[in-house]
Amino acid sequence: METVIAKNKENKKNTQASNTVFKVNDLNLWYGEDHALKNINLDIDEKKVTAIIGPSGCGKSTFLKTINRMVEMVPIVKTSGEISYRGRNVFDKDYKVEELRTTVGMVFQKPNPFPKSIYDNIAYGPRIHGIKNKKTLDEIVEKSLRGAAIWDEVKDRLHENAYGLSGGQQQRICIARCLAIEPDVILMDEPTSALDPISTLKVEELVKELKKDYSIVIVTHNMQQAARISDKTAFFLSGEVIEYTETSKLFSNPDDQRTEDYITGRFG
């Protein structure tokens, strides 16, 4: 279905005037009897980096995986409330999860390239969507690798196994794989937690560059990272959003004492 990628382009073009990608209203989520997300209300802005911080177990990653409905892979999950993506509730029965995950891409905590060549990693998504023309695939692969700032490092070894790359390079390959289907939003779940400081810096620089074309939501344990790369930050605690505001304000003059206690290291 080459039309899926074409539709992603059309969606982005038709929504340039919109400033909000996601509107989350009264979202609740339970794992069985455990109330993991409690009355979440927040908007995620277009072409901005939104960071989600908070201690372990506070619901950060659960929230991220609820946005693109990956959380539904857990059988005991139930939800209430609404997540509206570009004006459409992602929980609507007629909203195909495949369609949502094509426009809302995901990069995970641990680099997870496929056991294939670098080229085949990037071409995988476009091929799934029906693109077979080699010249077109070559162009997508190069554009995606350039977009992930790794083209110059791998252009002479495209047909080597991606497992031969360093951890930081593998993570940028995973970002390039995400870019290859031209998503609208990129979700990142602790994308640098398994990387060394130099690789972390490269990914952070990449995130700042990518927000020119994509809306990014990043979960991070690293408060300094949130402060460096995000435009807005949400502080989660025990499944609730305690505070959500401009990053500079949250770190310099938070409204809630619990936020101040967390960012100054009194707990977490």
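Let's start with a pair of side chains: in this predicted model, Lys211 makes a salt bridge with Asp231, and their closest N and O atoms lie 2.9 Å apart. This contact joins distant parts of the chain, with the two positions 20 residues apart. Lys211 sits in the loop between helix 8 (197–210) and strand 8 (215–219), while Asp231 belongs to the loop between helix 9 (223–229) and strand 9 (232–237). Lys211 is partly exposed, at a relative accessible area of 25%.

Such pairs are easy to understand in general terms: side chains of opposite charge can pair when their charged atoms come close. In this structure the count of salt bridges comes to 20, and two further examples are worth a visit.

Look next at Asp184, which forms a salt bridge with Arg86; here the closest N and O atoms are 2.9 Å apart. Once again the pair links distant parts of the chain, this time 98 residues apart. Asp184 lies in the loop between helix 7 (167–179) and strand 7 (185–189), and Arg86 in the loop between strand 4 (77–85) and strand 5 (88–89). How accessible are the two partners? Asp184 has a relative accessible area of 4%, which makes it buried because the limit for that class is under 20%. Arg86, at 22% relative accessibility, is partly exposed. The two do not stand alone, since Glu46 joins Arg86 and Asp184 in a network of salt bridges.

The other example is Lys155 with Asp152, a salt bridge whose closest N and O atoms are 3.8 Å apart. That distance qualifies because the criterion is a side-chain nitrogen within 4 Å of a carboxyl oxygen. Lys155 is partly exposed, with a relative accessible area of 37%, and Asp152 is exposed, at 60%.

Now step back to the chain as a whole. It is divided into domain 1 (18–86 + 214–267) and domain 2 (111–183). Taken over C-alpha atoms, the centres of domain 1 and domain 2 are separated by 29 Å.

Where does the largest pocket lie with respect to these domains? Both domain 1 and domain 2 give residues to its lining, so the pocket lies between them. Its volume is about 600 Å³. There are 23 lining residues, and those closest to the pocket centre are Arg101, Met106, Phe114, Arg177 and Ile181. If you prefer to find the lining by secondary structure, helix 3 (97–103), strand 6 (104–107), helix 4 (118–128) and helix 7 each supply at least two of its residues. By chemical character, the lining is made up of 14 nonpolar, six polar and three charged residues.

Helix 4 deserves a closer look in its own right. Its buried residues are Ile118, Tyr119, Asn121, Ile122, Ala123, Gly125 and Pro126. Just after helix 4 comes Gly130, which takes a positive phi of about 100°.

Helix 2 (residues 60–67) is our next stop. Why can helix 2 be called largely enclosed by the rest of the structure? Six of its eight residues are buried, so the surrounding structure encloses most of this helix. The buried set consists of Lys60, Thr62, Phe63, Leu64, Thr66 and Ile67. Of these, Thr66 is buried at 0% relative accessibility. The side chain of Thr66 also reaches the backbone oxygen of Thr62, at 2.6 Å. The two positions fit a familiar pattern: an α-helix has 3.6 residues a turn, so residues three or four places apart point the same way.

Following helix 2, the backbone does something worth checking in your viewer. Most residues other than glycine have a negative phi. Arg69, just after helix 2, instead takes a positive phi of about 65°, although Arg69 is not a glycine. This arginine lies in the loop between helix 2 and strand 4. Arg69 is buried, with a relative accessible area of 12%.

Which other residue can you compare with Arg69? Glu190 is a residue other than glycine with a positive phi, near 50°. Glu190 is found in the loop between strand 7 and helix 8, and it is buried as well, with a relative accessible area of 8%.

Conventions:
Residues numbered from 1 in each chain as written. Predicted model: local features only at pLDDT ≥ 70, side-chain atom pairs only at ≥ 80, totals over all residues. Heavy atoms only, no water. Helix = DSSP H or I, 4+ residues; strand = E, 2+ residues; numbered from the N terminus. Buried < 20%, exposed > 50% of the residue type's maximum accessible area, 1.4 Å probe, protein only. 1 Å grid on protein atoms, 1.4 Å probe; cavity = no way out; pocket = protein on both sides within 12 Å on 5 of 7 lines; lining within 4 Å. Points joined across faces, edges and corners; volume = space filled by probe spheres on them. Nonpolar A, V, L, I, M, F, W, Y, C, P; charged D, E, K, R; others polar. Domains from an automatic or database assignment. Polar contact = N/O pair within 3.5 Å; in protein donor to acceptor, adjacent residues only side chain to side chain.
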